[in-house]
Amino acid sequence: RIDRLVQDLMLLAQTEAGHLQLQPELLDTRELAEEVLRQVEPVAVASETDIQLDGFAAEPAWADRFAVSQCLRNLVDNAIRYAAGGVIRIASVRGDGEVVLSVADNGPGIPADALG
């Protein structure tokens with residue numbers, strides 16, 4: 001867990017400094033999502049949270065595997081934290097030459113006064 005936090009901080013620092021070196025490759029987005037699910041499964045099971053691939057197509061995408069995996073993992077980790085005992089859905093949609101991955105949960109969401 002500490003290793004992942006350090007990696008997240010390094011990724012954030014590189015992004016903010018404009019020094020992030022992406023290494024794009026052709027990815028199978030379903031395979032990547034399933035990999036993230038395997039990583040978070042112990043925490044999801046412990047918190048009685050159900051994670052589903054919702055209408056997920058096996059869409060290829062040209063992207064940096066590590067960066068996309070980290071982003072997806074962070075979103076799913078946050079969803080588990082705030083929607084414990086609920087349902088998390090990871091979806092994929094292709095359109096306009098891009099693949100959009102999304103993470104949705106049935107947690108309380110961000111309070112209206114904190115959205116700004």
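The following exercises, each with a worked solution, examine a predicted model of a single protein chain.

**Exercise 1. Overall architecture**

Determine how many helices and strands the chain has, in what order they run, and how the radius of gyration relates to the globule rule.

Solution.
Step 1. The inventory of the chain comprises three helices and five strands.
Step 2. Read from the N terminus, these elements follow the order α-β-α-β-β-α-β-β.
Step 3. The radius of gyration is 15 Å, close to the 13 Å that the globule rule gives for 116 residues, so the chain is as compact as a globular protein of that length.
Step 4. The C-alpha trace spans about 35 × 30 × 30 Å along its principal axes.
Step 5. Of contacts with a separation of 6 or more, 75% join residues 24 or more positions apart.
Step 6. As for the surface, the chain exposes about 7,600 Å², and carbon and sulfur atoms supply 55% of that area. Of the 116 residues, 29% count as buried.

**Exercise 2. The two sides of helix H1**

Establish which residues of H1 are buried, how they are arranged about the axis, and what they pack against.

Solution.
Step 1. Helix H1 covers residues 2-17, and its 16 residues reach 22 Å from the first C-alpha to the last, close to the 22 Å expected at 1.5 Å a residue.
Step 2. Arg 4, Asp 8 and Leu 11 are the buried residues of H1.
Step 3. Viewed down the axis of H1, these buried residues fall within an arc of 65°, so they line one face of the helix.
Step 4. The general geometry explains such a pattern: an α-helix has 3.6 residues a turn, so residues three or four places apart point the same way.
Step 5. Ile 2, Asp 3, Leu 9 and Glu 16 are exposed on the other side of H1.
Step 6. The packing partner of the buried residues of H1 is helix H3 (65-82).
Step 7. After H1 comes Gly 18, with a positive phi near 75°.

**Exercise 3. Helix H3 and its cover**

Compare the span of H3 with the expected value, list its buried residues, and identify what covers them.

Solution.
Step 1. H3 has 18 residues, which at 1.5 Å a residue should span 26 Å; the end C-alpha atoms are 26 Å apart, in agreement.
Step 2. The buried residues of H3 are Ala 67, Ser 69, Gln 70, Leu 72, Arg 73, Val 76, Asp 77, Ala 79 and Ile 80.
Step 3. Their cover includes H1, H2, E2, strand E3 (60-64), E4 and strand E5 (98-105).
Step 4. Consider Gln 70: its relative accessibility is 7%, so Gln 70 counts as buried. Beyond its neighbours within four places in sequence, Gln 70 is in contact with Arg 4, Gln 7, Asp 8 and Leu 11.
Step 5. Consider Arg 73: a relative accessibility of 15% lies under the 20% cut-off, so Arg 73 counts as buried. Leaving out residues up to four places away in sequence, Arg 73 touches Arg 4, Val 36, Gln 39 and Val 40.
Step 6. Consider Val 76: at 0% relative accessibility, Val 76 counts as buried. With the same exclusion, Val 76 touches Val 36, Val 40, Ile 51, Ile 88, Ile 90 and Val 103.
Step 7. Val 76 and Leu 37 are 39 residues apart in sequence, and their C-alpha atoms are 8.5 Å apart in space.

**Exercise 4. The largest nonpolar core**

Identify the members of the largest nonpolar core that touch the most other members, and the elements that give two or more residues to this core.

Solution.
Step 1. The core holds 13 residues, of which Ile 51, Val 76, Ile 80 and Ile 90 touch the most other members.
Step 2. Two or more residues each come from helix H2 (29-46), H3 and strand E4 (87-95).
Step 3. H2 provides the largest share of this core, five residues.
Step 4. Not counting residues up to four places away in sequence, Ile 51 touches Leu 37, Val 40, Ala 44, Val 76, Ile 80, Ile 88 and Ile 90.

**Exercise 5. A positive phi in a loop**

Locate Glu 48, and decide whether Glu 48 is buried or exposed.

Solution.
Step 1. Glu 48 is found in the loop between H2 and strand E2 (50-53).
Step 2. Its phi is near 55°, a positive value in a residue other than glycine.
Step 3. At 66% relative accessibility, Glu 48 is over the 50% cut-off and therefore counts as exposed.

Conventions. Residues are numbered from 1 along each chain as its sequence is written. This is a predicted model: local features need pLDDT of at least 70, side-chain atom pairs count only at pLDDT 80 or more; totals for chains, interfaces and linings use all residues. Side-chain values use heavy atoms; hydrogens and water are left out. Helices (H or I, at least four residues) and strands (E, at least two) are DSSP runs, numbered from the N terminus. The expected span of a helix is 1.5 Å times one less than its number of residues. Buried means under 20% relative accessible area, exposed over 50%, partly exposed in between (1.4 Å probe, protein chains only). The arc is that of the directions from the helix axis to the C-beta atoms. Contact means heavy atoms within 4.5 Å. A nonpolar core is a set of buried Ala, Val, Leu, Ile, Met, Phe, Trp, Tyr and Cys residues joined through side-chain atoms within 4.5 Å. The radius of gyration is taken over C-alpha atoms; the globule rule is 2.2 Å times the number of residues to the power 0.38. Accessible areas come from the Shrake-Rupley method with a 1.4 Å probe; for residues, only the protein chains shown count as cover.
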